[in-house]
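User: Please take a close look at the empty space in this model, beginning with the second largest pocket. Which residues line it, and which elements do they come from?

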Amino acid sequence: PENQDIDGVLNWWKRFGVIFSLWMITTDFSARFDNDDIPFKIFWGIWGIGSLSMMIHSTGGPGSRNAPTFAYSVGYLYGLLALQYFRHGFWLKRCRLFCLLEGLVCSFLFVIACIAGGTSDSFTREGLLVLLAFGYPLAGVIASLGVEIQRLLFHFGEPPEEALAKLSVPIYVPYLIKRYSAFPGMVLGQITLAIALNPDIGFGDTQGLYRALSVGFVLLVLMKFFLFDVNYVDEKDHAMNRGESSRLVFQLIFPLAVGGQALLGTGIALLVRISGKFSVPVDGNFAFWLTCSCFALFLALRVVITKLSAV
């Protein structure tokens, strides 16, 4: 309730960006190297512990007691990812330069997160979290520059396509598409739980509560309709398979689309509390603005994502 303003929304986007950048970088790694060997099973097991800690401590404002632990948890996960890249670079000569570069990027993000967790200055911490929120595009730019520099230094006379095939590590696009498709579904499920499992305790108007829940349910069905049923795109026609420019645009706007979807759920939950006359005060203007603006953002980005794919 105390974060129902623009500052609260910006703080939410900051932490969402940190989490989503980490998720995108990890997914990118998995689409290149993931397998079923024992080190990977151990890796994902201890990864889950850090991920749980990160999510538990993701709430609160810049000065909250959760902020340092949130930053440390992010650093822990980037540290694990850096070790995995270095492990692959050590054993796979073909991938050595690529893994070294990606491992150094993850190590840099690990250091930034640890500094953010260790500082007592909340302003400095929030600035470092902004940098971590742009971790995924930053990692992509650095990796692309590194590959290009290597091509110019060691494969200057070769055709660019052949040189890039030697320097970069192929990515398994079908796996990446499935992971990207699963994330909006998970967010939709979390929104549904957040709205449907609101207890009666604290509500003063049961009829208003159920009316608001009905409207929220209709909006969720519409979101599901636009996410999975309108202009279904086959895997081979996905934006990830339509060239570098389409892939880049998709990967840049995809986090905004998922974030807008998640914030829309927050707006619906606030409207439910208003209609149910919840005991904790809710800013009605803010709740309506958040719900409408996020739904508009969600629809606009879904149109762009659909246009990026061949239908």
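Analyst:
**The second largest pocket and the largest cavity**

In this predicted model, the second largest pocket has a volume of about 880 Å³. Its lining is made up of 27 residues. Those that lie nearest the centre of the pocket are Arg32, Gly140, Ser144, Glu244 and Arg247. Four elements give two or more residues each to this lining: helix H1 (6–33), helix H4 (96–118), helix H6 (135–154) and helix H10 (244–275). Of the elements, H6 provides the largest share, with nine residues. Sorted by class, the lining of the second largest pocket comprises 17 nonpolar, four polar and six charged residues.

The enclosed space can be described in the same manner. The structure contains one cavity of 30 Å³ or more, and the volume of the largest cavity is about 30 Å³. The residues that line the largest cavity are Pro184, Leu227, Phe254, Ala257, Val258, Gln261, Phe298 and Arg302. Both H10 and helix H11 (284–308) supply at least two residues of this lining. The greatest contribution is that of H10, which gives four residues. By class, the lining of the largest cavity has six nonpolar residues, one polar residue and one charged residue.

H10 therefore links the two descriptions, as an element that gives two or more residues to the lining of the second largest pocket and gives the most to the lining of the largest cavity.

Definitions and conventions: Residues are numbered from 1 along each chain as its sequence is written. This is a predicted model: local features need pLDDT of at least 70, side-chain atom pairs count only at pLDDT 80 or more; totals for chains, interfaces and linings use all residues. Side-chain values use heavy atoms; hydrogens and water are left out. On a 1 Å grid over the protein atoms alone, a cavity is a set of points where a 1.4 Å probe fits but cannot get out, and a pocket is an open set with protein on both sides within 12 Å along at least five of seven lines; lining residues have an atom within 4 Å of a point. Grid points are joined across faces, edges and corners, and a volume is the space filled by probe spheres set on the points. Ala, Val, Leu, Ile, Met, Phe, Trp, Tyr, Cys and Pro count as nonpolar, Asp, Glu, Lys and Arg as charged, and the others, Gly among them, as polar.
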